[in-house]
Amino acid sequence: MDLAELLEIAEKERRRKKPIEIHCCVAASCVSSNSQSVKDKLSELLSNTDLKDRVEVVGVGCMGLCSKGPLLRNSVTNEFYCHVNLDNVSEVLKDIQGQKARIEKLKIDDPFYRKQMHIVLENSGKIDPESIESYIAEGGYLTLYQVLHEMTPQEVIDEITKSGLRGRGGAGYPTGLKWSLVAKSQAEKKFVVCNADEGDPGAFMDRSVLESDPHKILEGMIIAAYAVGAQQGYIYIRGEYPLAISRLQNAIKQARKYGLLGTQIFESNFDFKIDIRIGAGAFVCGEETALMQSIEGKRGTPYPRPPYPAEYGLWGYPTLINNVETFANVVPIIRNGSEWFSKIGTEKSKGTKVFALAGKVKKTGLIEVPMGITLREIVEEIGGGVPDGGKIKAVQTGGPSGGCIPASKLDTPVDYESLISLGSMMGSGGMIVMDDKTNMVEVARFFMEFSKDESCGKCIPCRAGTYEIHNILTKIIEREATQDDFEKLKLLCQVVKDTSLCGLGQSAPNPVLSTIMNFEEEYTSLLKKDT
Amino acid sequence: MSVKTFSIDGQIISAKEGQTILEAARDAGIFIPTLCHFTGLTNVGACRLCVVEIGNSPKLQPACTTKVIEGMEVKVNTERLKEYRKLILELLFAERNHQCSVCVANGNCELQNLAIKLGIDHVRFEFRYQNYPVDISHELFGIDHNRCILCTRCVRVCDEIEGAHTWDVAFRGANAIVITDMNQPWGESESCTSCGKCVLVCPTGALFKRGVSVAELQKDKSHLEFLIQAKVKKQWIR
Amino acid sequence: MDKIKFATVWFGGCSGCHMSFLDLDEWLIELAQKVDVVYSPFVDIKHYPDEVDLCLIEGAVANEEHLEQLYDIRKKTKILVSFGDCALNGNVTALRNLHGEPDKTLELSYKSLATLNNIPNFDYKKIARLIKKVKPLHEIVKIDYFLPGCPPDAKRIKYFLEKLINKENPVLEGELLKNG
Ligand SMILES: Cc1cc2nc3c(=O)[nH]c(=O)nc-3n(C[C@H](O)[C@H](O)[C@H](O)COP(=O)(O)O)c2cc1C
Ligand code: SF4
Ligand code: SF4
Ligand code: FES
C-alpha cells in the first residue's frame, strides 16, 4: 500500500456512499436491545420504496446516549431517533420521507451533546466499525502514512510529550514520558501492549471505543510502536467483550490485507504485528504487571515495580503499555498537532475524558467531555439532573479505586489532581450519580465486596485486609459494630492502602476512606454504644 | 563492584552494588521482619512485613525487593511500621487456623516466632474458622492448608531449585491455595520428585513430614542451603 | 494494704491453665498473703461477687452460660485477664467451629468418629446450650490483659500476677509471649 492507493480507497468509499445515511447503533448496549433486527427491518422497508437509491442504513458504533437506545441517526439532519424497535421503525421511515412521524427525536444540540467534545469518539457512531474503507474514508491511516514517511520516532514522541497527554488507564502517567523511556531502553526486542481489560464495574468506555472504531486503536498502536521501536503488539482484552474481540480480529485482518500491519508497512522498512490476547475476567489482570504475566501465559498476579515495564516488561524486554483511550488520542494529536491538543483542558490535564455516566440521572450513557468541565455541568446539564426531582448526594468516580464526591463539591473541575484531592480519582472513567436516598456505608461495602473478590491473594494486606474491612462494614450496617470497630476500620484502611503490593490493594480502601471523610456521621450513627 | 553508602535508622551502612535493603540490613545485623523472603529464591514482595520508610516519602517499600540507592535514608523501626506489621500478622492469624498448641511446628515456626518478636499477644480480628483440607496422599509428606500463609516459598523452591514446578497457586483472593500439579492430590502428582525441599522452606507447619507429632517438626536446612549456595554463588564446596 | 480481691474462672478449656496455676507451688503461699480468693474452681463459692479487683479467665466462650457469666464478670471486675490460649484465641476449644453448627460437632464426636455410637440425650435445662461459634473473650467484652500459652507456665503466671498486684503493667516478651 502506498499513499495513492490509500487515497483511492478513501475516494472510492466516498463515492459509493449514498447521500443519506441512517446510522444504526450496533454496539453492545443497543445490540442487546435488538438494534440489529431494527437495522435489518429498516433496510427491508427502504428497499420497497423509491428512496432505496438515496438512503442507506449503516451499522455504526456507539452514539453515547445508551439509555435511549436502540438509537438511530439521520446523517443529513443529524437528528437522533430514540428507543426504536420493530414496532415503531416504520415511523423512522415516515420521518425520512418527510411525513409526520410519531417517534421520539433528539437534536444534536440537545444539552446531552452540547457540552461534549469528541476526540476519542470522533468516529464513533459515524463509521461502520466492520469496514476499514469506512475508516479510511474519514482520513484513517493517513496519519500513520505521514508518521512513517515524514517524522522521525523522536519527533513523534516530542509531539506526544508536548501535547500533555496523560494515561487514561487511571493513574494519569504522562504518556510522552513513558514512550521516551521505552524508546531509550536498549534491547533487541520491544513490545507495545494495549490494555483493554476494563474491569471496573459499570465502566464501558474502552469497550465502546473498540466496538465503534477499532482501526483507530490499531493506528495509534502502530504509531506508538514506530516511536518506541517495537516489533510486536498485543491487545489484552477481556473475554467478556466478544463483540469488541470479533471487531478487533476483523480489523487486524483487514489492516494486514492492506499491508498496514506486518512487514514494510506503507512501503517503509518498519515492521509491526498485533495479536490479541484474551483475559479470563480477573480485574487484577488490568494491572500492568499482572497483565504481562497473563500474556506470558502465567498466573496473572502483580509483581513489585521497579523494574517498570518500560525497562523490563514482557519476557524481560522493554514494553510500552497504554490504555485503549490513551491510544485513541494518538492519531488526533499527531494529525492536528500537539498545540491544538494542549489548548484543550486544564493546565495539568489536557484533552478530553470519556466517562460512562450512570446512576440517578435522566440521561445515562457514554460521554466525552473536555478536562476541566465541572462535575455539576456533567451531572446537571449533560445528565439532565436527578429524575423525579430528587437531590444529588454524591458522585462516585474511579469505581472501586475511587471515592464519593459530595454534592457540595460539584463545582470541582474534572482533572486528575482535583479528583485526587477530594479523596477520589479519575480512574478509567466510571461515573455514578447518587441521590439522597443512597446509604453511603452500603456504597462503600459494595465496592469493598468487589475488591475483596477480585484481590489476587498474593499479598496479605489486600487478601486478608479487604476481607476484614468488608466484615467490619457489614457489622456496621447490621448495627453490630462499636466505636472500637470503627477505629479499627480506619486503621485497617490505612494499612491496606500503605502496604499493599499493587494498585488494587493500594486503592481498595478509597471508597471507604472517602465516604468516611465526607459522610462520617452516616457511619457513627450506625454504631452500637459500648457495652 | 562499587559500594553504596546509605543509612538505616541513622546508622551508616555500606552495601554492595545491586544489593537490596534487606540484604544490606542483614549483613549489618539489623532486623527486618520477613516471611515470604527466603535467601536464594526470587523475592516476590508478597507478605509486606518487610516494608520500610524511605526518605520523607509517605509510600512504603518492601526491603526485600528494593535496591539500595546511594545516600538513601531508610527507617525500619518507626512506630508506624511496628503498628502496621503487627496488624498484618494479626490478619494472617485470623485468616486460617493457627492453633499453635496442636501444630507439628509449634516451637519451630517462623510465623509463631515472628508474632513473639513483634509482641503480639492477641488478634484484633474475628477468627474466620474456615475448614481447609489436609492432603496426606503423598507417602512421605503432607500439607495442611489450615496452616498455610501463601508465602509461595514452596512454589519457588520447587520451581527454581528442584526444577519440578509441582507447586503453584490456584484461585484468587481469600480462596487462593497452593496446589500440586493441576490441583490433584499430591500423591498423584507426576512432577513431584519427593525431594522434600518444599517441606524444608515452609515457614509454618503447613508442609510436614508424615509421622511427626505436635511440636516435633525439625527442619534441617543445611543440605538445601548448600544447593542454593551452589546455584546462586556457584560455590560447590561445603 | 488491703488484700486484693482475686478470682479465677473456668470456661471452655481443659483446666490445664488452672493446673499450671497450681504449679506456682510454694509461691501460692506468698500469693495468699496478698490476695483474697473470692471466686474460683478451687474454692466453693457459688456466686461471682461484686467489685472483684483481678480475675483470670481460662477457656473460650463456648456455651450460653459462659456468655451470660462473662458479661456479668466484666461488670463486676476491675482487671480482666484472658488466661491461656483458649481464652485469647479459642485454641482447641474453637476447633469445633471448623465443622459449622454445634450439632455437627456432637454428631462427629459421639457418632461418626466415636465407638459408642450414640449421642447422649442432653437435658439442656440442666446444662448450658452450646453457642453457634466458640469465641475468644475479647470478641465479646473488653479484656485488659492477655496471658498466652497452652498452658501458660507458672513462671509466666507469676510474673504476670506480681506485676498486676504491684499495679504495674505486665509486658510479656520473648519466650514468655509464646502461644501453644
Ligand atoms: C487493579 C488494577 C486494574 C487496572 N485495570 C486497568 C484496565 O482495565 N485498563 C487500563 O487501561 N488500565 C488499568 N489499570 C492501570 C494499568 O496498570 C496501567 O497503569 C495502564 O494500563 C497504563 O496505561 P496508561 O498510561 O495509558 O493509563 C489497572 C490498574 C490496577 C492497579
Ligand atoms: S494488592 Fe491485592 S491484587 Fe495487588 S498483589 Fe496484593 S493481593 Fe494481589
Ligand atoms: S505451604 Fe508453606 S511454603 Fe507453601 S505457601 Fe503455604 S506456608 Fe508457604
Ligand atoms: S519479605 Fe519482603 S514482602 Fe515478604
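Contact means heavy atoms within 4.5 Å. This is a predicted model: local features need pLDDT of at least 70, side-chain atom pairs count only at pLDDT 80 or more, and totals for chains, interfaces and linings use all residues. Side-chain values use heavy atoms, with hydrogens and water left out.

**Exercise 1. Find which chains touch.**

Task: State which pair of chains has the most contacts, and how far apart chains A and C lie.

Solution.
- Step 1. Two pairs of chains touch, and the most contacts are between chains A and B.
- Step 2. Chain A and chain C share no contact; their closest C-alpha atoms are 7 Å apart.
- Step 3. Chain B does touch chain C: 21 residues of chain B meet 23 residues of chain C.

**Exercise 2. Describe the interface of chains B and A.**

Task: Give the area buried between chain B and chain A, then the residues and pairings found there.

Solution.
- Step 1. Count residues: 32 of chain B are in contact with 30 of chain A.
- Step 2. Take the buried area, which is the accessible area (1.4 Å probe) that two parts lose on being put together, summed over both. Here it is about 2,600 Å², and carbon and sulfur atoms give 58% of it.
- Step 3. B:Arg48, B:Tyr84 and B:Arg172 supply 23% of the area that chain B buries against chain A, more than any other three residues.
- Step 4. Look for salt bridges (a side-chain nitrogen of Lys or Arg within 4 Å of a carboxyl oxygen of Asp or Glu). The count between chain B and chain A is 5. In one of them, B:Glu95 pairs with A:Arg463, with the closest N and O atoms 2.7 Å apart.

**Exercise 3. Describe the interface of chains B and C.**

Task: Work out how much area chain B and chain C bury, and how many salt bridges lie between them.

Solution.
- Step 1. Chains B and C bury about 1,800 Å² between them, with 63% on carbon and sulfur atoms.
- Step 2. On the chain B side, B:Ile116, B:Asp121 and B:Tyr129 lose the most area to chain C, together 34% of what that side buries.
- Step 3. The salt bridge count between chain B and chain C is 0.

**Exercise 4. Place two salt bridges of chain A.**

Task: Say which parts of chain A are joined by A:Arg247 with A:Glu130, and by A:Glu325 with A:Arg168.

Solution.
- Step 1. The whole structure holds 57 salt bridges over all chains. One of them joins A:Arg247 and A:Glu130, at 2.9 Å from N to O.
- Step 2. A:Arg247 lies in helix α12 (residues 242-257) and A:Glu130 in the loop between α5 (111-114) and α6 (132-137), so the pair ties together parts 117 residues apart in sequence. Helices here are DSSP runs (H or I, at least four residues), numbered from the N terminus.
- Step 3. Now check exposure: buried means under 20% relative accessible area, exposed over 50%, partly exposed in between (1.4 Å probe, protein chains only). A:Arg247 is buried at 4%. A:Glu130 is partly exposed at 35%.
- Step 4. A:Glu325 and A:Arg168 also meet in a salt bridge, at 4.0 Å from N to O. A:Glu325 is in helix α14 (residues 324-328) and A:Arg168 in the loop between α8 (153-163) and α9 (175-184), 157 residues apart.
- Step 5. A:Glu325 is buried, at 1% relative accessibility. A:Arg168 is buried, with a relative accessible area of 1%.

Key: Residues numbered from 1 in each chain as written. Chains lettered and ligands numbered in written order.
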